[in-house]
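Let's take a walk through this structure together. Keep the sequence and the 3D view side by side as you read.

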Amino acid sequence: MPFIDFAHQTWQPKPVLTDECMRNIPEPYRSWLLDSGSLTQRLKSMCTRQFRVKVLRHEWGIPSRSELEFLGCHHEMASIREVLLIVDDRPAVFARSVLPASSLTGVNRELLELGERPLGEFLFNQPSLKRGQIEIDELPACQFNLHLDRPYYEESAWGRRSQFYLNGKAISVCEVFLPEYNPELM
Ligand SMILES: C=C(O[C@@H]1C=C(C(=O)O)C=C[C@H]1O)C(=O)O
């Protein structure tokens, strides 16, 4: 079953975040999407019972053109990881990370063995980590229905995609808050 290449279908490159762009992002999502720290850590701090990563797929594949452009790569295979971040048994975030083959060298190869371990736990423990550009977008939530118990129809979901540099090698992480999960109200 192919990846839902949602980044290709709906995510168009965004201009650098202007103040006007930021003002258009509704709270509580604005503060979460602009937070440069670990989303895993912040979600764990909201947990009353359990945080877990549900791995949907973690396989080799072809990133979308949009993802390759965001990564500054050209026609390259990548290890593509799609997960749901589950907070107290509720799917809170859909995340898709693109790990280009050329970035999976040295210690970065540990990214291939993450399993249910949150990507952020690895990333934010790397001294070399640098966070690059963040783009924010509002996406149709229905494209995630395949992975969810309850369907979305007209709802939209706010998400971001970030560039990370590990030992100078680029990966991208796209995180989308699912509408039923409001991080400030849980
Ligand atoms: C990048 C982070 O890792 C989180 C965990 C992910 C995973 O396990 O695949 C994906 C996206 C992130 O929300 C983070 O915690 O900020």
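What follows starts with confidence, then moves to the strands and the charged side chains.

Keep in mind that this is a predicted model. The protein chain has a mean pLDDT of 87, with 89% of its residues at 70 or more. Helix 6 (residues 119-123) has the highest mean among the elements, at 96, while helix 1 (residues 6-10) has the lowest, at 49. Go easy on residues 1-5 too: pLDDT stays under 50 there. For the model overall, ipTM comes out at 0.95 and pTM at 0.90.

Now find strand 6 (residues 169-177). Eight of its nine residues are buried, so the rest of the structure largely encloses this strand. Strand 5 (residues 156-166) runs antiparallel to strand 6, joined to it by eight bridges. Strand 3 (residues 90-100) also pairs with strand 6 in the antiparallel sense, over six bridges. Where strand 5 turns into strand 6, the hairpin has two residues between the strands, and Asn-167 takes a positive phi near 50°. Leu-166 stands opposite Lys-169 of strand 6.

Glu-175 is a good residue to stop at. Its bridge partner is Ala-95, and its side chain meets that of Arg-160 in a salt bridge, 2.6 Å from N to O. Glu-175 sits in strand 6 and Arg-160 in strand 5, so this pair ties together parts that are 15 residues apart in sequence. Both partners are tucked away: Glu-175 counts as buried at 10% relative accessibility, and Arg-160 is buried at 2%.

That salt bridge is one of eleven in the count. Another joins Glu-121 to Arg-117, with the closest N and O atoms 3.7 Å apart. Here the partners are partly exposed, Glu-121 at 25% relative accessible area and Arg-117 at 34%. Arg-30 and Glu-27 pair up as well, with a closest N to O distance of 3.9 Å.

So what does a buried arginine with no salt bridge have around it? Look at Arg-81. This residue is in strand 2 (residues 78-87). The nearest side chain of opposite charge, Glu-116, is 6.9 Å away. Backbone oxygens come closer to the Arg-81 side chain: that of Gly-115 lies 3.0 Å from one of its polar atoms, and that of Arg-117 lies 3.1 Å from a polar atom. Beyond its sequence neighbours, Arg-81 is in contact with residues including Val-53, His-58, Ala-95 and Leu-119.

How values were computed:
Residues are numbered from 1 along each chain as its sequence is written. This is a predicted model: local features need pLDDT of at least 70, side-chain atom pairs count only at pLDDT 80 or more; totals for chains, interfaces and linings use all residues. Side-chain values use heavy atoms; hydrogens and water are left out. pLDDT is the predictor's confidence in each residue, from 0 to 100. Helices (H or I, at least four residues) and strands (E, at least two) are DSSP runs, numbered from the N terminus. Contact means heavy atoms within 4.5 Å. Buried means under 20% relative accessible area, exposed over 50%, partly exposed in between (1.4 Å probe, protein chains only). Lys and Arg count as positive and Asp and Glu as negative; His and the chain ends are not counted. A salt bridge is a side-chain nitrogen of Lys or Arg within 4 Å of a carboxyl oxygen of Asp or Glu. A polar contact is a pair of N or O atoms within 3.5 Å; within protein, one must be able to donate a hydrogen and the other to accept it, and residues adjacent in sequence count only if both atoms are side-chain atoms. Two strands pair if DSSP finds at least two bridges between them.
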